[in-house]
Amino acid sequence: VDKGALRDGEGAAIALDPSRGAPPAPAIVAKRVADYRNVAVDHLGRVKSLGRGDSDMPIAFGASTVPADEWGAGDCIRGAYSLEDQMPDADLGKSVSKGYRNLTAKPNRTLGVPTIRS
């Protein structure tokens with residue numbers, strides 16, 4: 001309501017009867033238009049909608065607090081695994097990637113550059 005256009009006492013009348021100075025009722029628009037506005041317009045103080053729709057899933061972040069019957073870091077630290085699992089792998093320290101193995105016909109050949117050169 002423009003205060004300059006009010007006559008004496010009309011402000012009190014509007015305060016007592018809000019329908020006199022009420023803004024027009026909101027217009028009914030198509031759902032597509034409303035959905036577009038929700039995605040395209042940044043609403044002040046609200047998280048921007050990414051257009052994925054409302055999810056029926058509860059909002060939760062992080063790992064579940066319900067214990068699962070799977071191995072975790074705590075089981076590895078406590079050592080609750082068999083002796084066979086504790087043994088080192090057979091290929092430990094060996095390159096298993098094709099093309100990166102240092103295999104030669106001469107078994108005594110030294111590969112690489114020496115640390116101290118003479």
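A salt bridge is a side-chain nitrogen of Lys or Arg within 4 Å of a carboxyl oxygen of Asp or Glu, and this tour of a predicted model will come to one such pair after a look at the whole chain.

**The whole chain**

Begin with the entire protein chain selected and shown as a cartoon, where you will find four helices and zero strands, arranged along the sequence in the pattern α-α-α-α. If you then switch to a surface view, the chain exposes about 12200 Å², of which carbon and sulfur atoms supply 56%, while buried residues make up 2% of the 118 residues.

**Colouring by confidence**

Next, colour the chain by pLDDT, which averages 75 over the protein chain, with 75% of the residues scoring at least 70. Select residues 10–16 to see helix H1, which has the lowest mean pLDDT among the elements of the chain, at 73, and then select residues 31–40 to see helix H2, which has the highest, at 85.

**The pair in helix H2**

Stay with helix H2 and show the side chains of Lys-31 and Asp-35, which both lie in this helix, four residues apart, or about one turn of the helix. Side chains of opposite charge can pair when their charged atoms come close. Here Lys-31 forms a salt bridge with Asp-35, and the closest N and O atoms are 3.0 Å apart; a search of the whole structure finds one salt bridge.

How does the exposure of the two partners read, buried, partly exposed or exposed? Lys-31 counts as exposed because its relative accessibility is 61% and the cut-off for exposed is over 50%, whereas Asp-35, with a relative accessible area of 35%, is partly exposed.

**The loop between helices H3 and H4**

Now move along the chain and select helix H3 (73–78) together with helix H4 (83–86), so that the loop between these two helices, which holds Ala-80, can be picked out. Which residues does Ala-80 touch, once residues up to four places away in sequence are not counted? Displaying Trp-71 and Asp-75 beside Ala-80 shows the two residues that Ala-80 touches on that basis. Even with these contacts, Ala-80 counts as exposed, at 51% relative accessibility.

Methods. Residues numbered from 1 in each chain as written. Predicted model: local features only at pLDDT ≥ 70, side-chain atom pairs only at ≥ 80, totals over all residues. Heavy atoms only, no water. Buried < 20%, exposed > 50% of the residue type's maximum accessible area, 1.4 Å probe, protein only. Areas by Shrake-Rupley, 256 points an atom, 1.4 Å probe, with all protein chains shown as cover. pLDDT = per-residue confidence, 0-100. Contact = heavy atoms within 4.5 Å.
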